[in-house]
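User: Could you take a close look at the stretch that carries the coiled-coil annotation? Once that's covered, I'd like to hear about confidence and the second largest pocket too.

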Amino acid sequence: MPVPRLSSALFGTTGWCQDLSDAALTHGARLVEEFLALFPAGSGPDDDRGVSAYAADELRAYATGGIARTLSEAEEEWTARREELRRRIAAIDTAVDGLLAEDREQGAERRELLAERRATGELLRQLSQTGAHGALVELGLLPNYSLTDTTTSLEATLYWKEAAGSDDGTDTTTAGDEDRREWVYRSETRDYERSRKLALTELAPGNSFYVNGYRHVVRALDIGSPERRAWSVWRLCPACGYARTHGDPKNDTSPCPRCGSREIADAGCVHHVLTPRRVTSRDKRDDARVRDDRDERDRRRYAVLTTVDIDPAHLAAGSWRHDSAVFGADFTRRAVVRTLNLGIDRQDGSSTVPLAGDDVRLNPFYVCTSCGGATADGRPVVDQSQHALTASLAHSTRASAHHQLWCPRRRLRGSGEAQGAGTDVPLLLAHELTTEAVRILLPASVARARERLASFTAALFAGIAARYGGDPDHIDITAASMPDGEDRDWPRRFLVVYDRLPGGTGYLHRLATSDGFREVLLKAREVIEDCDCLRKGLDGCHRCLLRRVPRPTTTRSAATRSGRCWTNCSARTANAGPPLPSPPPSTSRCTSRPRATSRSCSSTRCGSGPRSPRAVPAPTPTSPRPAPTRWTCG
């Protein structure tokens, strides 16, 4: 089935993607079995010479139904992009019709809008005339080996004006002749791509993106059309990382299925969330040029929160807990890691709200539903100055600062104060990743102490790099709150090691075993104690602790103590098997703050000091776990 030349031939009822989908549904089951027959089958969880049962089942599911859903989603994304450009052209035409060409100010704005229409028409033409192979890569149907994540595109428009009849765009008129000259408006659109997780802050509204000698300020988000909106409604649990994203999250007020929290029914747990796929900027070319008058770049700081949601049913066999200390590990192949941009990081005295076990401040982006124009500084203020991208003050409202040039809400309708249809909706930006992960149970003395947690994280990074070789830059570590075992009333604090690649790369399960984890800790201790910076009296360097964790939160002494402590702990582990039920609060050193204020921890030395080994119940036969498998094939 040869790939067509143009992207326009990919989609539709007679398109190439539809033919591929029909072929997959018809012959997928037979073809996937023929493909798997080319490789040996894995004989166990530690066998790297064949295809594991888990990987084979995942491939069968994708070949018989997953590929059809992926093709359908790609076609929907491509169609939505085409409809958005057509809707923008129609809005520009409407705005042009409302301006008088004879009026000097309105005529200038009219010419600027016509330049915007030409640029948008060129984008629409390129969308249909681009190569089919490039479109498949951009839509994620074919691999892009330069990036390990889905991408967010920046549609950067530069505009300028030049004197009519000028070939090179230069202007030699004086200030007195400017009113008598005829000006022609030009614009140029450039596309840039960033990893979607990095773009969550780098391409957030209000931030500046520097590339090719220009500074592009992000001013708008692609939120789809009123008929096909790109943002959705989530209900986020205040005590753990669970997010209700399907069904009817706005009206579903049932308790959290992970931790049993009833606080999730509160109206404040409902949020409007957007996974940004495309953002736009529009800047005057002369103003956007980067000059040497400033050494620093303009960057805005955003509050970012990472949450982890793990369904207990997806925990693999082999989980273990220490027999007398709060320490252990679990492995899962289906951890949902969500990174949320909560808005500008401001400490202006606004109240905090609980979210995923943390107290955070929410400063959402307010986005116009008509044009996608966004502001990062709270609700639009009605007395803001007029948008810098237009020279006309006629037929414009005082609250139009964040709207795009062609937005119907930017102009008055008639003699009243009525605007075009649309509202400003508060949005949080999100990145969602489903991957494999190892969660490490830590006591409160480490999990709630910033320096100790950062030092242990740095030591873990160093140990993973030394144990498996190279620099595992696709591995990340974050702290998260979630219940442990059957005691859902006391969320624990875990350190989650996860793979940044969707689905994972297939070796994190080795870290989840007690022996594998001890090997990593031993390697980390060797790296810390044998590094040259120790003899120089330094607290760490880029070769050991400071590879991934900054210096202000990391110390060698804390990392060394953690490495020695947990190496000894992992050597005295017990209870390999399914996730274990937690002990009663009277004997447990809780690793998180209780959700209910009526209960308190009775331990006088929570998270430190010896205590009697606890009896651990045997795994119940009613909750079997699948045997650990791996993704790799030999």
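Analyst: Over residues 68-102 the chain is 86% helix and 0% strand, and the C-alpha atoms at the two ends sit 55 Å apart. That's the range an unreviewed UniProt entry annotates as "coiled-coil region". Keep in mind that this is a predicted model.

On confidence, the protein chain averages a pLDDT of 79, and 76% of the residues score at least 70. Among its elements, strand β7 (residues 270-274) has the highest mean pLDDT, at 96, while strand β19 (residues 573-577) has the lowest, at 46. Then there's residues 413-418, where pLDDT is below 50; this stretch has seven contacts in the model beyond near neighbours in sequence. Residues 571-634 also stay under 50, and for them the model has 161 contacts beyond four places in sequence.

Now the pocket. The second largest one has a volume of about 1,200 Å³ and a lining of 36 residues. Nearest its centre you'll find Val304, Thr306, Ile477, Thr478 and Ala479. Several elements give two or more residues to that lining: strands β9 (302-310), β11 (328-344), β13 (358-360), β17 (475-484) and β18 (487-499), plus helix α8 (450-468). As for chemistry, the lining of this pocket splits into 17 nonpolar, 13 charged and six polar residues.

Notes. Residues numbered from 1 in each chain as written. Predicted model: local features only at pLDDT ≥ 70, side-chain atom pairs only at ≥ 80, totals over all residues. Heavy atoms only, no water. 1 Å grid on protein atoms, 1.4 Å probe; cavity = no way out; pocket = protein on both sides within 12 Å on 5 of 7 lines; lining within 4 Å. Points joined across faces, edges and corners; volume = space filled by probe spheres on them. Helix = DSSP H or I, 4+ residues; strand = E, 2+ residues; numbered from the N terminus. Nonpolar A, V, L, I, M, F, W, Y, C, P; charged D, E, K, R; others polar. UniProt positions renumbered as here; feature names shortened; annotations may be inferred. pLDDT = per-residue confidence, 0-100. Contact = heavy atoms within 4.5 Å.
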